[in-house]
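Reader: Please take one part of this model and look at it closely. I would like to know how the part is packed against its surroundings and what it contributes to the metal site.

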Amino acid sequence: MPELDNLAIGEVERNHTALLRLCDLLEGVADRLPANLDRGECLHLARSLTSMVARIHGHEEAVLFPALMRWRALLPEMGETIDRLRIEHQVDACYAEDVEDMLRSYGESRPSVAPEAAGFMLRGFFEGMRRHVAFERTLLAPLLAPTPPGQVN
Ligand SMILES: [Fe+2]
């Protein structure tokens, strides 16, 4: 069964930290709407949002999820949990494209939606992402233990 080595765990943790940093930046944009918006920051975020989220999702699905599936013998609900996380990835990827388009439109001074709607989009995205990362972190914690719970060496 696939193991999650320390290098891979470190990358998952760094990716989670990067996603939370992204959430903080998006919250900052939402807080500054509409009058104090930094158009350069909107363009910068728009350039990296979708590709960053896709890269991190791809790494988790290739490395983290197979390792978590090892726990299915002890935690039968793990299969459903992974299915749910995959669906959240798909939803967040679509959401990221919408947020990216909106940020680009603000960065280029041709807002595609009203500031209230832009704020609603941003908050929906980063609040969902924070919940997702927090849940994955709780799943990751037991992997840092030397043996799965209940397993005797
Ligand atoms: Fe994830």
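Author: Helix 3 (residues 78-107) and helix 4 cross at roughly 150°, and their axes come within 10 Å. Since an angle over 145 degrees counts as roughly antiparallel, helix 3 is therefore roughly antiparallel to helix 4. The crossing of helix 3 with helix 4 is left-handed. Sorted by class, the residues of this contact are 17 nonpolar, four polar and five charged. The model is a predicted one, and every value here is computed from it.

Helix 4 also packs against helix 1 (residues 6-32), with the axes 9 Å apart and an angle of about 160°. That angle is why helix 1, too, is described as roughly antiparallel to helix 4. Helix 1 passes helix 4 in a left-handed crossing. In the contact of helix 1 with helix 4 there are 13 nonpolar residues, two polar ones and eight charged ones.

Next, the metal site. Helix 4 covers residues 115-140 and holds both His132 and Glu136. These two residues are four apart, about one turn of the helix. His132 and Glu136 are both buried, with buried taken as under 20% relative accessible area. Each of them coordinates the iron ion: His132 does so through NE2, and Glu136 is listed with OE twice. The other donors to the iron ion are OE of Glu60 and NE2 of His89. The coordination distances run from 2.0 to 2.6 Å. Along the chain, the donors follow the spacing E-x28-H-x42-H-x3-E, and the x3 step at its end corresponds to the pair His132 and Glu136 in helix 4.

As for the setting of this part, the chain has four helices and zero strands, and its pattern along the sequence reads α-α-α-α. The C-alpha trace spans about 60 × 25 × 20 Å along the principal axes of the chain. The chain has 153 residues, and 41% of them count as buried. Of the contacts between residues at least 6 apart in sequence, 76% join residues at least 24 apart.

To put the part together: helix 4 is roughly antiparallel to helix 3 and packs with helix 1 at about 160°, while its residues His132 and Glu136 are buried and serve as donors to the iron ion.

Definitions and conventions: Residues numbered from 1 in each chain as written. Predicted model: local features only at pLDDT ≥ 70, side-chain atom pairs only at ≥ 80, totals over all residues. Heavy atoms only, no water. Donors = N, O, S within 2.8 Å, 3.2 Å for Na, K, Ca; no water. Buried < 20%, exposed > 50% of the residue type's maximum accessible area, 1.4 Å probe, protein only. Axes fitted to C-alpha atoms, helices over the stretch in contact; angles between N-to-C directions. Parallel < 35°, antiparallel > 145°, perpendicular 65-115°, else oblique. Left-handed = near helix turned anticlockwise from the far one by under 90°. Nonpolar A, V, L, I, M, F, W, Y, C, P; charged D, E, K, R; others polar. Contact = heavy atoms within 4.5 Å.
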